[in-house]
Structure formats: structure tokens, C-alpha cells
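Subject: Structure for your review

Dear colleague,

Please find below the structure that I am handing over to you. A short account of what was found in it follows.

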Amino acid sequence: MPEKRWLRIIPVAFIMYTIAFVDRTNISLALQPMILDLHMSPTQAGDAAGVFFWGYLLLQVPGVYLAHRWSAKRFVSVLLVMWGACSAATGLVTTWREFWMMRLRLGVAEGGVWPATLVLLSNWFPRAERARANAYWMLCLPASVIFSSPLSGWILGHWNWRVLLISEGALPFLWLVVWWYFISDHPHQARWISAEERDYLETTLRRESSELQPATPELYLRALLPYLRALPHVVLMVGIYFLVTSGNYGYLFWLPSALQRAKTMSNVRVGFLFAVPYVMTAIGMVLISRHSDRSCERRKHVALALAWGGVLLLSGVLASNRTPALSFVVIALVGAGTYGMLGPFWAIPTETLPRSVAGSAMGLINALGNLGGRYGPLLVGYLNQRTGDFLLAFGVLSASFLGASVLSLLPASSPHQNTQPRRL
């Protein structure tokens with residue numbers, strides 16, 4: 001059977017969110033010159049970098065609703081325009097307060113993209129393919145750093161941080177045309193798909209949806225029961241994701257500054273070194289998601305991947321004073337686990353909760369969990385300002401990964417806890 005959806009949906013969504021992640025994180029390389037030009041303290045810089053996630057909270061659950069009831073394609077198209085304008089405008093700020101406000105607005109503009117894309121993928125990929133589909137799309141997270149860091153470093157070396165933010169803020173407007181032409185919300189709307197592939201998808205997705213939905217309509221109060229039963233399951237996933245995003249974004253936003261602090265380097269060299277850990281991250285995401293689909297297991301894959309990341313980050317911190325080169329090599333392997341867990345992690349809600357609950361649950365998990373991205377960079381900035389180095393700060397980040405690993409192994413009740421991905 002042809003499987004054109006892998007070549008049509010995943011690459012377009014991949015590049016779309018790569019651009020989103022570049023526009024969200026390009027300040028990591030620009031942070032040091034911005035601190036000087038905008039007269040910020042490290043704590044203020046961490047605060048402005050992380051306030052993005054308060055704005056990011058706003059459209060998470062509404063984004064799921066609009067993607068389900070209206071159109072993921074149209075909703076993301078609107079957001080492409082909004083976040084491109086906000087990202088480019090960040091390059092025009094002149095004070096710390098303006099920087100803080102633009103980061104907040106950028107968070108609002110990007111907030112609905114992640115849950116809307118998860119809904120889109122769930123419309124195109126059955127349960128047995130979902131961890132791989134999620135992971136292949138989420139490769140955009142390390143890929144954005146791998147490809148943009150050397151380029152961003154080159155722009156900083158030849159111009160300045162304003163040119164960097166404005167030029168990369170223009171990318172969403174260019175990709176909007178491609179997104180609109182290639183993406184369809186459902187298989188039956190796509191002209192390019194074969195009849196065989198369309199029939200397979202519609203039949204399989206309809207059967208999987210019926211397995212998680214009640215066979216007959218229920219009274220309103222009875223229909224609320226799946227939400228109440230899912231609450232412990234969702235709360236646990238929020239806690240795990242909060243710790244993971246605290247660690248990942250604290251690591252992401254401050255690693256270039258730590259590299260520059262350890263040894264004076266050019267912006268281009270820092271950009272290349274910053275990309276190395278994310279090459280390892282991409283490899284880890286593919287391997288972990290493939291093994292998770294093959295073994296039809298999610299929770300242990302999440303826990304072991306996070307334990308890997310936590311232990312290696314702690315080891316890298318402890319080795320940093322005596323053997324900086326070894327420390328960098330060890331830290332470069334952290335993301336293979338802490339990002340590698342994302343494929344199986346985001347497959348869990350769609351495989352354990354009814355469709356009526358899963359979308360809202362994913363929005364809530366992503367919304368509250370991503371607040372960790374607010375506090376991770378802020379905590380690193382604060383500890384760096386208090387101690388004068390990054391040892392304690394990165395040690396705290398490693399503890400957050402290890403804590404998330406432990407939580408991943410805790411039993412949690414859910415309406416369909418025994419549901420497993422099926423082999424095809």
C-alpha cells in the first residue's frame with residue numbers, strides 16, 4: 001500500500017514547527033549581546049526568555065478545540081502570520097520591558113501550534129504508527145538548533161542580534177504558502193492520496209476511535225465521568241512534562257552562555273558547538289520512538305530516556321571543572337534521552353483516553369507542562385547570578401530530569417489504561 005502521508009504531512013509539519021522553534025529559541029545565541037545592549041541582569045534575561053510560556057499557555061486548550069471543530073490547517077495558517085510578526089518585532093525592542101512584552105506575545109502566537117499539529121497527526125496516523133509520526137515531526141526540535149545555530153552564529157558575527165531576529169522572523173510568511181498548498185485536515189479531503197491508502201486510514205482510525213468512545217449517547221453528567229477518571233492520569237503527565245520542559249529549556253537557553261563563559265569563542269564556533277548535542281538528540285528521538293512502536297510500550301521508554309538524560313547531565317556537571325572536553329561530550333548526549341522521550345510520551349493520551357477527552361488532555365498537559373519552560377531559564381539565570389557559574393544551575397536541571405523519570409514509573413489510573421498500540 002502506498003504511504004504518501006509520511007512524505008506529504010510529516011515534512012511540511014516538520015519545517016513549519018522548525019521555523020516556530022527557531023523563532024522561539026534564537027535568543028539563546030543572542031542573549032549575551034542583548035544583555036549588554038538592553039542593560040539586563042542575568043535574572044532579567046532568564047525572566048524575559050521564559051515569560052514566553054505564560055503566553056504559550058493561553059491557546060493550548062482552545063487550539064485543540066479549534067483544530068477538532070474548525071480546521072488544524074486554517075488555525076495554524078493564522079498563527080504563522082501572528083508569530084512571524086511578533087518574532088520580527090522582537091528585533092526592534094529597545095528596553096528590557098519591551099523585550100519581555102514581545103516574548104509574551106510571541107508565546108501567545110505560537111501557543112496553539114503544538115496541540116493543533118498533534119490533532120492533525122492523529123487524523124493521519126493510526127495508533128501503531130503514532131509514536132514514530134510524533135517523533136519524526138518532533139525531530140524539528142533538535143533540527144531547528146542543528147541547522148539554525150551555525151547560521152545564527154554567522155549572522156551575529158557579521159551583523160547583530162537585531163538582524164538575526166528580524167530575518168528569521170520573516171520565515172513563517174514564506175512557509176505559509178507551502179503549508180496551505182500541501183496540508184489537508186483529513187484523508188478524505190486530500191486529492192493526492194490513493195483510494196487504497198484512504199480506505200485503510202478511514203477504516204483503521206474509525207475503529208480505533210470507536211474502541212475508546214461509548215457505543216451509545218450518554219447523559220451529560222455521565223459523559224463527564226471519563227474526564228474525572230482521567231484526572232489523575234493527566235495530572236501525573238503534567239508533572240512529568242513540567243519537569244522535562246524545565247530541564248530542556250533551562251539547558252537550551254543557557255548552554256551557549258555556558259560555552260562562552262567556559263572559554264572565549266567566536267559566535268560562529270559557539271553556534272557549531274551548540275548544534276552538536278542536538279545531532280545526538282535527533283538520533284535518540286528516532287531510535288526510542290521506533291523501539292517504542294516495535295515493543296508496543298510507552299511508559300518505560302519515557303522513564304529510561306529521562307534517567308539517561310538526568311544521569312549524563314549530572315555527570316557532565318561534576319566533570320566540568322577537571323575535564324571540560326569530557327564534560328561537553330557527556331552533556332552532548334543528554335538530549336537523546338530528554339527529547340527522545342517525546343514520541344512515546346505524546347502517544348500515551350491518544351492511546352489511553354477517549355477521543356473526546358484526549359484532545360483536551362493534550363492541550364492541558366502541553367499548556368501547564370510548558371510552564372516549566374518559564375521557570376527553567378529563570379532558575380538558571382538566578383543561580384548563575386548568585387553563584388557566578390553554571391554548576392549548581394545545571395545540577396538542578398539534572399535533578400528535574402531524574403524526578404520526571406521516577407514519576408513516569410508511578411501507576412496512574414486512566415479510563416483505558418490497558419490500551420496498547422497494535423501491530424499492523
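How much area does the protein expose, and what percentage of it do carbon and sulfur atoms supply? The protein exposes about 17,200 Å², and 67% of that area is supplied by carbon and sulfur atoms. Please bear in mind that this is a predicted model.

As to the overall fold, the secondary structure consists of 22 helices and zero strands. The protein has 424 residues, of which 58% count as buried. Among contacts between residues at least 6 apart in sequence, 86% join residues at least 24 apart.

Two places may serve as examples.

The first is on the surface. Leu151, Trp154, Trp159 and Val163 form a nonpolar patch there, and together they have about 390 Å² of accessible area. Within this group, Trp159 is placed in the loop between α9 (140-158) and α10 (161-169). Trp159 has a relative accessibility of 49% and therefore counts as partly exposed, since the exposed class requires over 50%.

The second is Thr338, a residue of helix α18 (residues 334-338). Is Thr338 buried or exposed? Thr338 is buried, because its relative accessible area is 0%. Leaving aside neighbours within four places in sequence, Thr338 is in contact with Val244, Asn248, Ala305, Leu306, Gly309 and Phe401. With one of these residues, Asn248, Thr338 also shares a polar contact of 2.9 Å between the side chains.

Yours sincerely,
A colleague

Terms used: Residues numbered from 1 in each chain as written. Predicted model: local features only at pLDDT ≥ 70, side-chain atom pairs only at ≥ 80, totals over all residues. Heavy atoms only, no water. Patch = residues over 30% accessible without salt bridge, like charges linked within 9 Å, V, L, I, M, F, W, Y side chains within 5 Å. Areas by Shrake-Rupley, 256 points an atom, 1.4 Å probe, with all protein chains shown as cover. Salt bridge = Lys/Arg side-chain N within 4 Å of Asp/Glu carboxyl O. Helix = DSSP H or I, 4+ residues; strand = E, 2+ residues; numbered from the N terminus. Buried < 20%, exposed > 50% of the residue type's maximum accessible area, 1.4 Å probe, protein only. Contact = heavy atoms within 4.5 Å. Polar contact = N/O pair within 3.5 Å; in protein donor to acceptor, adjacent residues only side chain to side chain.
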